[in-house]
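Welcome, and thanks for taking a look at this one. Please open the model beside the text and follow along as we go.

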Amino acid sequence: MQNRVERQATDVEFAHERIDDHPPCSKLNSLQTTDLTGNGHPDIIVVGMGGNPSVTVGGREFQLPMAGPASRLSLRFETNVFWYENPGWERHTLAPESYLHPGVGSDLADISGSGTLDFVVGQGFGRPNLYWYEQPEDPRDPWIQHHITDRFEKYHDLLVADVDDDGEEELVGLSQDAESIFYYDIPADPFQEPWPASNCTVVDDDRRCEGVAVVDIDGDGRTEIVAGTNVYHRTEDGWRHDDVCTGWDDTRVAVTDVDGDGDPEIVLSEGDSPTFGTHPGRLAWVDYPDGMPRIIRDDLFNPHSLQTADLTGNGLADIYVGEMSLGKTETPEQLLFENHGDGQFTEHVVERGVPIHEGKLADMTGSGDLDIVGKSYGPDRHVDIWYRK
C-alpha cells in the first residue's frame, strides 16, 4: 500500500555545522545525546568500532591495515567511545580501552543508582562482551568499565526500559550473531561482574533482527517488545511472537501515533538495504496488528537513521530518515516527511551529499526546536549538526 507523497523544496530549514572532520575512530557505529555537564545543553556521545585507522606523517595521511597481525596494533591508535562537550565541542574520551570494538548497540541509563546517566555498550562483529560504564562525578574524568555478560554476540541494539511492567527498568538487547532477543533484570548490586545468569530472560533465540522499541503497542495494558518486524507479547508462559510484516530486510524501528488516532503505529526503514539487503531500502508505517505496510518510499539507499517527532507544529508525527553512503553514492539524502494525516506526506530534502548513520533529533541549543545530530559510518568519518533555523 502506497501513501501519497509530494516532494517540494523545504520550508523547514536547517543550517549545517561540522563539529569534527577527523574523529579518533575509523568506523562510527552509534550516537547518543544527553546533558552530561548539567548546563542544560545536550552533549554528544559517539561510538566507533575501529579497525581501519589512519595516521598522519609529514602532512600525509596513511591508512593502517585492517587484517593480519598489524591490525591488532592499529586498534591502539583509535578511541572507541568519546564525547563532545556542548557548547564548543571539545572532545573527551569516555572509554579508553583499545580492545572494545563496540557495535551499534548503546543506551544511557542510571545503572549505578547515583542519579546520573551511565553508558551501556555492546561489542560488535564476532565479539561477545556487553559492558556498562559508570559516569564519574566529573564526566571529563575516566569512566569505569563494568562487565555485564559474554553470553551473546554482536549487540546491534540495546535499550533500558521496563519491559515486564514490574516498575523496574531492564536492559533489553538484540544479539544478531546469536540470533537472540533478551533482557536482564538490573541486579540490586549492578557492580558485580558478570551479572547473574538468573537475571537474564531470553525472549527468542532464533531471530536475527535489528531495531527495538518497548511499548504497549496494542493497548492491552501490557508492554510489548517490538524488535524489527516482530512483536513479542508477554504471557503467563513466556513470550509470544507475532509478525508485523514479512519479506523485509533488517529495519530501524520507531513507534509513534502516525495517523492521529491516539494509538501508536510502527514505522520501519530498511537501514542496510540495498547494500546488505535484497532490494532498495523501503520506508513505511504499519497500523498494527491489522494493517499492511503503507509504503512512503521504496528506493532509498541504506536509510539507517530513523526518527519521528512533530517538527512542523501541526500536532502530527513527522518522519525523518537519513541515508548512508558506504563509499558507493555521492548523493545520500536526509529527508523529512511532513505528516498531513490520512496517509499524506510532503517530502522535504534536508540535506544532499552528506551521509549520516544513526542520526538523532535533539534540541542542541535550548531554542525549543529539534535539531539533527549525526555522524557518518564509513569509509569517510565526520560528526555533524544541522541546526533548525
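The report below covers strands, salt bridges, cysteines and some backbone details.

## About the model

This is a predicted model, in which local features need pLDDT of at least 70 and side-chain atom pairs count only at pLDDT 80 or more, while totals for chains, interfaces and linings use all residues. Residues are numbered from 1 along each chain as its sequence is written, and side-chain values use heavy atoms, with hydrogens and water left out.

## An enclosed strand and its partner

Let's start with strand S9, residues 102–109. Strands here are DSSP runs of E with at least two residues, numbered from the N terminus. Eight of the eight residues of S9 are buried, so the strand is largely enclosed by the rest of the structure. Buried means under 20% relative accessible area, exposed means over 50%, and partly exposed is in between, using a 1.4 Å probe and protein chains only.

S9 runs antiparallel to strand S10 (residues 118–123), and five bridges join the two. Two strands count as paired if DSSP finds at least two bridges between them. If you would like a spot to zoom in on, Ala109 has Asp118 in S10 as its bridge partner. As general background, strands of a sheet pair through backbone hydrogen bonds, either parallel or antiparallel.

Just ahead of S9, in the loop between S8 and S9, you will find His101. Its phi is near 50 degrees, a positive value in a residue other than glycine. His101 is also buried, with a relative accessible area of 13%.

## A four-stranded open sheet

Another place to visit is an open sheet of four strands, ordered S13-S14-S15-S16 with antiparallel pairing. Strand S13 (155–161) and S16 are the edge strands, each pairing on one side only. Neighbouring strands of this sheet are turned by 20 degrees against each other on average, direction ignored. For such angles, axes are lines fitted to C-alpha atoms (for helices over the stretch in contact), and angles run from 0 to 180 degrees between N-to-C directions.

Six bridges connect S13 with strand S14 (residues 170–175), and these two strands run antiparallel. Within this pair, Leu174 in S14 is the bridge partner of Asp157.

## Salt bridges

How many salt bridges are there? The count comes to 15, where a salt bridge is a side-chain nitrogen of Lys or Arg within 4 Å of a carboxyl oxygen of Asp or Glu. One of them joins the side chains of Arg91 and Asp20, at 2.7 Å from N to O. Arg91 lies in strand S8 (residues 90–95) and Asp20 in strand S2 (residues 14–20), so the pair ties together parts that are 71 residues apart in sequence. Arg91 is partly exposed at 39% relative accessibility, whereas Asp20 is buried at 10%.

Glu347 and Arg297 form another salt bridge, with their closest N and O atoms 2.9 Å apart. Because Glu347 sits in strand S28 (residues 344–352) and Arg297 in strand S24 (residues 294–300), this pair links parts that are 50 residues apart in sequence. Glu347 is buried at 2% relative accessible area, and Arg297 also counts as buried, at 13%. Asp138 and Arg140 meet in a salt bridge too, at 2.9 Å from N to O; Asp138 is partly exposed at 28%, and so is Arg140 at 39%. Finally, a network of salt bridges links Asp157, Glu210, Arg252, Glu358 and Lys360.

## Cysteines

A search of the whole structure finds zero disulfides, a disulfide being a pair of cysteine sulfur atoms within 2.5 Å. For Cys209, the nearest cysteine sulfur is that of Cys245, 12 Å away. Cys209 is buried at 7% relative accessibility, and Cys25 is buried at 1%.

## Backbone details in the loops

Where are the cis peptide bonds to look at? One runs from Glu193 to Pro194, with omega near -10 degrees, and Pro194 is placed in the loop between strand S15 (180–185) and strand S16 (200–204). Another joins Tyr288 and Pro289, with omega about 5 degrees. Pro289 belongs to the loop between strand S23 (281–286) and S24.

Leu326 is worth a glance as well: its phi is positive, about 55 degrees, although it is not a glycine. Leu326 lies in the loop between strand S26 (318–322) and strand S27 (333–341), and at 17% relative accessibility it counts as buried.
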